[in-house]
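Opening the notebook on this one. I wanted to go through the contacts one residue and one strand at a time, and jot down what turned up.

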Protein chains: 2
Amino acid sequence: MKLTATETKFILHWGEMGTRWGINRTVAQVHALLYITGRPVPADEIAETLSVARSNVSTSLRELQGWGLVKVAHLLGDRRDHFETFHDVWAMFKLVAVERKRREVDPTLVMLREALAQAEKDGEKASKERLGHMLEFFETLTEAFEEFVKMSPGALRKVVKYGGKLQKLLGVGT
Amino acid sequence: MKLTATETKFILHWGEMGTRWGINRTVAQVHALLYITGRPVPADEIAETLSVARSNVSTSLRELQGWGLVKVAHLLGDRRDHFETFHDVWAMFKLVAVERKRREVDPTLVMLREALAQAEKDGEKASKERLGHMLEFFETLTEAFEEFVKMSPGALRKVVKYGGKLQKLLGVGT
DNA sequence: CCGTTCTTTCTGTAAGTTATGAAATGTGCA
DNA sequence: TGCACATTTCATAACTTACAGAAAGAACGG
């Protein structure tokens, strides 16, 4: 499969973006390719298009399936697995956000609660206070996040719009 | 400086968390140490406490200052620079969020607009549509983010609370 | 079943990154 | 100005991660 200039640009940028957020470059590129292509693509074609080893593509697809971002499709008369991602960017973003929260934020909450309890027990007043602030922050953020993922983009826009007004009205800006 | 069990736990976890989000482990650990300590600490003490090279601490502190997370303080009768971070977790989170948006999301917006224009020019209808959806998503998210960073935790909680209600009321959930 | 095709797993190596210690530079005091 | 202390820079070593290619495994068709 031959990529257009536009597609190449998008895929490369997406790869770079991935690395900055702790996501493997190839994984991100494969996802970008599937997104921009918009139809099921067999693994060997992905490998050829991106100029990476077939095995690397296999691993990346597995990873993407683990995130729920990619699903397998089959075409009549073709034994090969084909892979596709979703068109709904918002939905994909949520998948990743929810999963990262589960993997990274939730354990942090656990750690903070444990550390706080220990600081309490050991009478470390200063640590306890700071850990408490941190925990409180994470709890607020988590709460906001839970609401956030329930929203559609339209709902989000409305909430933001009214939220800004609400904020001014109530004078809770401080 | 001798760390308590609680402090060690917190610092190590913070370091791991950092690596997962593309932030250097030592950088994150130094920040955690400063946060949990809550007072200005000289660089050599940081190095000793974390068992890392003095030069590594120097680099990490510079990085943290670049993010605006750490500032220098001086103590009377001590020529050494001392370093401290802020107590306000919310404020620090915003600093990082704003900066990462600037460094990573803004260039993505630029790329998407360029790619979209090019797809338009080259008559790539399918690509254009998908890039358009992606751009729209990023624009909505950016907009929401701009409002978000203006809020205090209290304001955020209120907006979330009323936002949920608003959403149901307006039936914009789809 | 056997051969073919497709996919995944495994392993050595390359690439990239991070950390170190030494050297260089900077800073303030006598 | 010279000395002592403090900090930064830099080359290299240590480590980590990513990748390709080989080999094994699975699915299918004849």
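**Entry 1: L61(A) and the core**

I started by listing what L61(A) touches beyond its neighbours within four places in sequence: V30(A), L34(A), A43(A), I46(A), V70(A) and F83(A). This is a predicted model, so I keep that in mind for everything below. Next I checked which residues have the most contacts inside the largest nonpolar core, and L61(A) is one of them. The others on that list are F10(A), I46(A), F10(B), I46(B) and L61(B). The core has 98 residues. I46(A) therefore shows up twice in my notes, as a contact of L61(A) and as one of the residues with the most contacts in the core.

**Entry 2: the sheet in chain A**

F83(A) had come up as a contact of L61(A), and I looked up its strand partner. F83(A), in β3(A), is the bridge partner of V41(A). The strands β1(A) and β3(A) run antiparallel and are joined by two bridges. Which order do the strands take in the open sheet of chain A? I read β1-β3-β2, three strands with antiparallel pairing. The edges are β1 (41-42) and β2 (70-75), each of which pairs on one side only. As a reminder to myself, strands of a sheet pair through backbone hydrogen bonds, either parallel or antiparallel.

**Entry 3: strand pairs in chain B**

Over in chain B, I went through the pairs of β3(B). Strand β1 (residues 41-42) pairs with β3(B) in the antiparallel sense, over two bridges. There I found P42(B) opposite H82(B). Strand β2 (residues 70-75) is also antiparallel to β3(B), with five bridges between them. K71(B) faces E84(B) in that pairing. β2(B) and β3(B) make a hairpin with two residues between the strands. In the turn, I noted G77(B) with a positive phi of about 80 degrees.

**Entry 4: DNA strand C**

On to the nucleic acid. I get 15 residues around DNA strand C, with R79(A), D81(A), N24(B), T26(B) and A53(B) the closest. Of the strand C atoms within 4 Å of the protein, 71% belong to sugar and phosphate. I pulled up three polar pairs. N24(B) has a polar side-chain atom 2.8 Å from a phosphate oxygen of strand C. T26(B) puts a side-chain N or O atom 2.6 Å from a phosphate oxygen. S55(B) goes to a base instead: a polar side-chain atom sits 2.9 Å from a base oxygen.

Which element gives the most to this surface? α4(A) does, with four residues. The elements that each supply at least two residues are α4 (54-66) and β3 (78-85) of chain A, plus α4 (54-66) of chain B. By residue type I count two nonpolar, seven polar and six charged.

**Entry 5: DNA strand D**

I repeated the lookup for DNA strand D. It has 14 residues around it, and the nearest are T26(A), A53(A), S55(A), S58(B) and D81(B). Sugar and phosphate make up 73% of the strand D atoms within 4 Å of the protein. S58(B) has a polar side-chain atom 2.7 Å from a phosphate oxygen of strand D. D81(B) uses a backbone N or O atom, 2.6 Å from a phosphate oxygen. R79(A) reaches a base here: a side-chain N or O atom is 3.4 Å from a base nitrogen of strand D. At least two residues each come from α4 of chain A, and from α4 and β3 (78-85) of chain B. The residue types near strand D are two nonpolar, seven polar and five charged.

**Entry 6: T26(A)**

T26(A) was among the nearest to strand D, so I went back to see its protein surroundings. T26(A) sits in helix α2 (residues 25-37) of chain A. Is T26(A) buried or exposed? I put T26(A) down as buried, because its relative accessible area is 12%, and the cut-off for buried is under 20%. Farther along the sequence than four places, T26(A) contacts V52(A), N56(A) and S60(A). The side chains of T26(A) and N56(A) also share a polar contact of 3.5 Å.

**Entry 7: P107(A)**

Last lookup. P107(A) belongs to helix α5 (residues 89-121) of chain A. I logged P107(A) as partly exposed, because its relative accessibility is 32%. Leaving out residues up to four places away in sequence, P107(A) touches K101(A), R102(A) and H13(B).

Conventions: Residues numbered from 1 in each chain as written. Chains lettered and ligands numbered in written order. Predicted model: local features only at pLDDT ≥ 70, side-chain atom pairs only at ≥ 80, totals over all residues. Heavy atoms only, no water. Near = heavy atom within 4 Å. Polar contact = N/O pair within 3.5 Å; in protein donor to acceptor, adjacent residues only side chain to side chain. Nonpolar A, V, L, I, M, F, W, Y, C, P; charged D, E, K, R; others polar. Pairing = 2+ DSSP bridges. Core = buried A, V, L, I, M, F, W, Y, C linked by side-chain atoms within 4.5 Å. Buried < 20%, exposed > 50% of the residue type's maximum accessible area, 1.4 Å probe, protein only. Contact = heavy atoms within 4.5 Å.
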